[in-house]
Amino acid sequence: MQYQFDFGALLPYWQDFLSGALTTIEITLFSVIIGMGIGVACAIARRSNSAILRGIVSVYIETVRNTPFIVQIFFIFFGLSSIGFRLPIIAASVFAMVINVGAYTAEIVRAGMDSIHPSQIEAAEALGLSKFQIYRDIILLPAIERVYPSLSSQFILMMLSTSICSQISAEELTGIANNIQSNTFRSLETYFVVALLYIAITYLMRAAFFGLGLVAFPRRRRLGLGV
């Protein structure tokens, strides 16, 4: 059987593709910024002296890490609506992404914090640094620098996971593609274009994280490192 490619049928929808790509980037941006803050807070809580706080955070992290993302977003969008708490589609998508990013970020950052040698903390205490200064300059910032490549990869993976949001009719890139292929019946061409757009967004994010790494961590700039 011969298949006749017809990418021309997609040209009228180029603005829809662009809109879907921008929505994907926006959902990712909000999720990463808020999720990063939650993740760092949870990583610190995992190392606290309070057993109750450690337990609450552990339950949150393990619940998220051991359930599929699609189940989480269905629970937030469909499950909560059944008890009267209905979120708009994009808000539900961002909420689910934030919860997911926060849990995975917490474990990545905690691993970085655990890698800080106790002697560095002891030296900082000997120099008279406050507990806040020690946590910020000796533990947290070096820990984030060490795990920065892992964080970057996780954030890019979450960008790709926004495609699951199409299951609740979010009009991100995959959701838009589903609509376009149902109108044009050009599934192969549609998803080929979508794949190229995801690759483009991935490389854009990699470049952004590379530049951010050089700015945020001067030592990486001196060593010529990025992501």
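So, residues 21–209: over that stretch the chain is 81% helix and 0% strand, and the C-alpha atoms at the two ends sit 18 Å apart. Keep in mind that this is a predicted model. Why pick those boundaries? They come from UniProt, where an unreviewed entry places the feature "domain: ABC transmembrane type-1" at residues 21–209.

Okay, zooming out for a moment. The protein chain has nine helices and zero strands, so if you read the elements off from the N terminus you just get α-α-α-α-α-α-α-α-α. The C-alpha atoms fill a box of roughly 75 × 50 × 30 Å along the principal axes. Of the 227 residues, 40% count as buried. And if you take contacts between residues at least 6 apart in sequence, 73% of them join residues at least 24 apart.

Now let's walk along one helix, α7, which covers residues 173–184. That's 12 residues, reaching 16 Å from the first C-alpha to the last, close to the 16 Å expected at 1.5 Å a residue. Look at the start of α7: a side-chain oxygen of Glu172 comes to within 3.0 Å of the backbone nitrogen of Thr174. Then, what follows α7 at the other end? That's Phe185, and its phi is positive, near 60 degrees.

Which residues of α7 are buried? Leu173, Thr174, Gly175, Ile176 and Ala177 are, and then Ile180 and Thr184. As for their partners, the buried residues of α7 pack against α1, residues 14–46, and against α8, residues 187–216.

Right, on to the charges. Side chains of opposite charge can pair when their charged atoms come close. How many salt bridges does the model have? The count comes to eight.

Let me start with Glu107 and Arg46, whose side chains meet in a salt bridge at 2.9 Å, N to O. Glu107 is in helix α4, residues 89–114, and Arg46 is in helix α1, so this pair ties together parts that are 61 residues apart in sequence. Is Glu107 buried or exposed? Buried, with a relative accessible area of 13%, which puts Glu107 under the 20% cut-off.

Glu107 has another partner too: Arg110, with a salt bridge at 3.0 Å, N to O. Here the two residues are three apart in helix α4, so about one helical turn separates them. Arg110 is partly exposed, at a relative accessible area of 22%.

And those pairs belong to something wider. Arg46, Arg47, Glu62, Arg65, Glu107, Arg110 and Asp114 are linked in a network of salt bridges. If you have the structure open, try selecting those residues together.

One more pair, back by the helix we walked along. Arg186 forms a salt bridge with Glu189, with the closest N and O atoms 2.9 Å apart. Both Arg186 and Glu189 are buried.

Last topic, the cysteines. How many disulfides turn up in a search of the whole structure? Zero. Cys42 is buried, with a relative accessible area of 11%, and Cys165 is buried as well, at 0%.

So, to recap: nine helices and zero strands, a helix α7 whose buried residues pack against α1 and α8, eight salt bridges, and zero disulfides. Happy to go back to any of those on the screen.

Terms used
Residues are numbered from 1 along each chain as its sequence is written. This is a predicted model: local features need pLDDT of at least 70, side-chain atom pairs count only at pLDDT 80 or more; totals for chains, interfaces and linings use all residues. Side-chain values use heavy atoms; hydrogens and water are left out. UniProt positions are given in the numbering used here, feature names are shortened, and annotations may be inferred rather than shown by experiment. Helices (H or I, at least four residues) and strands (E, at least two) are DSSP runs, numbered from the N terminus. The expected span of a helix is 1.5 Å times one less than its number of residues. Buried means under 20% relative accessible area, exposed over 50%, partly exposed in between (1.4 Å probe, protein chains only). Contact means heavy atoms within 4.5 Å. A polar contact is a pair of N or O atoms within 3.5 Å; within protein, one must be able to donate a hydrogen and the other to accept it, and residues adjacent in sequence count only if both atoms are side-chain atoms. A salt bridge is a side-chain nitrogen of Lys or Arg within 4 Å of a carboxyl oxygen of Asp or Glu. A disulfide is a pair of cysteine sulfur atoms within 2.5 Å.
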